[in-house]
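Here is a short guided look at one protein and its ligand. Have the sequence and the 3D view open as you read along.

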Amino acid sequence: MPDPDKCAIVIGASMGGLLAARALADYYGQVIIVERDALPEGYEPRKGVPQGRHTHGLLARGREVLEDLLPGFTEEMVAQGATPGDIADKVLWFNHGFYLCNAPSKLLGLAISRPMLEGSVRRAVLQLQNVRLLERCAVLEPMIDRARGRVTGVRVQSQSGSDGTQTMNSDLVVDASGRGSFSPAWLDAWGYPKPREELIKIDLGYATRQYRRLPEHLHGMMGAIIAACPPDWRFGAILSQEDDRWIVTLGGYLGDHAPTDDTGFVDFARSLPKPDIFDVIRHAEPICPLMPYHFSANLRRHYEEMSRFPAGFLVFGDALCSFNPVYGQGMTVACVEALALRDCLAAGTQEIAKRFFRAASQLIDIPWQIAVGSDLQHARVEGMRTTQVRFINWYIAKLYRAAQDDAVLATRFLEVANLMRQPTALLDPRMAFRVWKRNRAPARAVTIPLGRTT
Ligand SMILES: Cc1cc2nc3c(=O)[nH]c(=O)nc-3n(C[C@H](O)[C@H](O)[C@H](O)COP(=O)(O)OP(=O)(O)OC[C@H]3O[C@@H](n4cnc5c(N)ncnc54)[C@H](O)[C@@H]3O)c2cc1C
């Protein structure tokens, strides 16, 4: 039962803030989400979440956790126009020169836009009677009682014209303000050390556009992911969304950015190692302008290493770790952090920051290794290429080759990429044997399923 005398404040009403609020609502009598933006009635992108205009895939683990936190969520999404589909069977996955074999699996995905996903999570979270949203209101800074080493609330400023500031007291403040979080600077100002930051620079340049989706496009598949790999390191993603739309994102690393003019964009799609995306967009009707996005680096803040941290304060979601978006992990990591927060709160609020940061760090380790390890295949990405990283990258390339006609391997790989299984599941002797066996033989002629191009 939530404690009626306890109040928590969450900074930011994007996926991270909403999911944190969902977890907090089981324990705090009052949960107030403070958001700088005016939040749209419908499913539109907004200023504070500029990535909302770009392709967002929800990993199978993310959907599973959303269903746990917000029972009935998948059904509700489908009723509103999202299409459920098998991630292993209905999406083309191309990497290391091969398509993964498509085959039925239990990996359920939802074809849905980011604004619709966030808007629906927001509606579901705000239906909880102890959660309240204060929109058009910016948190200027948390308030701290230095003598007690405790955050006691926040100082806010309304964005609707009045220039006065107000204070709001709370027992806990959760910073879910995203990658640009001011928590390191606030800690510094309060006399605490800043968390160690890990930064892997990738200088991604995205461009995204939506198109009208016709049934014959991509042979009825829900999407295609052409992963970045040598020599060009260009990538593309096309995913179906509600209202018969495609969302298409193209991009490249370290300055090789996708163009934002019509011809350049289509030519960039043509330059990908497989023509699935080009074949759709060269004829499809665009329904919005091309939108650019620049993503400079994978960024992780190691709060779990801090020996001193104020009580009554947590950092959550992208403010903790923001991953190269091509791996589609950020929202799912926020989902599993919400489960971790719920579990930590079940054991009380004593030393909550220490316990939560430790749990979150363990959850972040694997997606971080997946993202950074894969990025380090690019010769010009700077970072430690440990023997383990080199081995895993070598092995995954072999696995892709083997999994072009091995449904067991393909599904196992996607289970790991969807954070449903630990990466060690790929090294299980039975899997390793399949990889070895299929790499011994010369590449064989495989039956190309519908949707795949030779
Ligand atoms: C280009 C791109 C593509 C992506 N694609 C995927 C994908 O395919 N799959 C996936 O799972 N993830 C993806 N992500 C990551 C995903 O968008 C984030 O992980 C997710 O939104 C969770 O982030 P967050 O809520 O912690 O922060 P954010 O989404 O950045 O939200 C921060 C919120 O805080 C508010 N805010 C900030 N400062 C204040 C303040 N002072 N006062 C009040 N409010 C404030 C902002 O307005 C905003 O609403 C992508 C990210 C990018 C950049």
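## Around the ligand

In this predicted model, the shell around the ligand is made up of 15 nonpolar, 17 polar and 5 charged residues. Five glycines, Gly12, Gly48, Gly178, Gly317 and Gly330, come nearest among the 37 residues around the ligand. Two or more shell residues are supplied by each of α1 (15-24), β8 (137-145), β16 (291-302) and α8 (330-346). Helix α8 gives the largest share, with 4 residues.

## Domains and where they touch

The domain assignment splits the protein into three parts: domain 1 (3-80 + 115-197 + 297-371), domain 2 (83-109 + 200-294) and domain 3 (387-440). Taken over C-alpha atoms, the centres of domain 1 and domain 2 are 29 Å apart.

Between these two domains, 16 residues of domain 1 are in contact with 20 residues of domain 2. On the domain 1 side, α2 (60-69), α3 (73-79) and β16 each give two or more residues. That side divides into 7 nonpolar, 7 polar and 2 charged residues.

## An enclosed helix

Now turn to helix α11 (residues 407-417): 8 of its 11 residues are buried, so the helix is largely enclosed by the rest of the structure. The buried residues are Leu409, Ala410, Thr411, Arg412, Phe413, Leu414, Glu415 and Ala417.

What covers these buried residues? The cover includes α10 (387-402) and α12 (429-440). If you follow the chain just past α11, you will find Leu419, which takes a positive phi of about 60°.

Technical notes:
Residues are numbered from 1 along each chain as its sequence is written. This is a predicted model: local features need pLDDT of at least 70, side-chain atom pairs count only at pLDDT 80 or more; totals for chains, interfaces and linings use all residues. A residue is buried if 20 or more other C-beta atoms lie within 10 Å of its own, exposed if 12 or fewer, and partly exposed in between; C-beta atoms are placed from the backbone. Two residues are in contact if their C-beta atoms, placed from the backbone, lie within 7 Å. A residue is near a molecule or strand if its C-beta atom, placed from the backbone, lies within 6 Å of it. Ala, Val, Leu, Ile, Met, Phe, Trp, Tyr, Cys and Pro count as nonpolar, Asp, Glu, Lys and Arg as charged, and the others, Gly among them, as polar. Domain bounds come from an automatic or database domain assignment.
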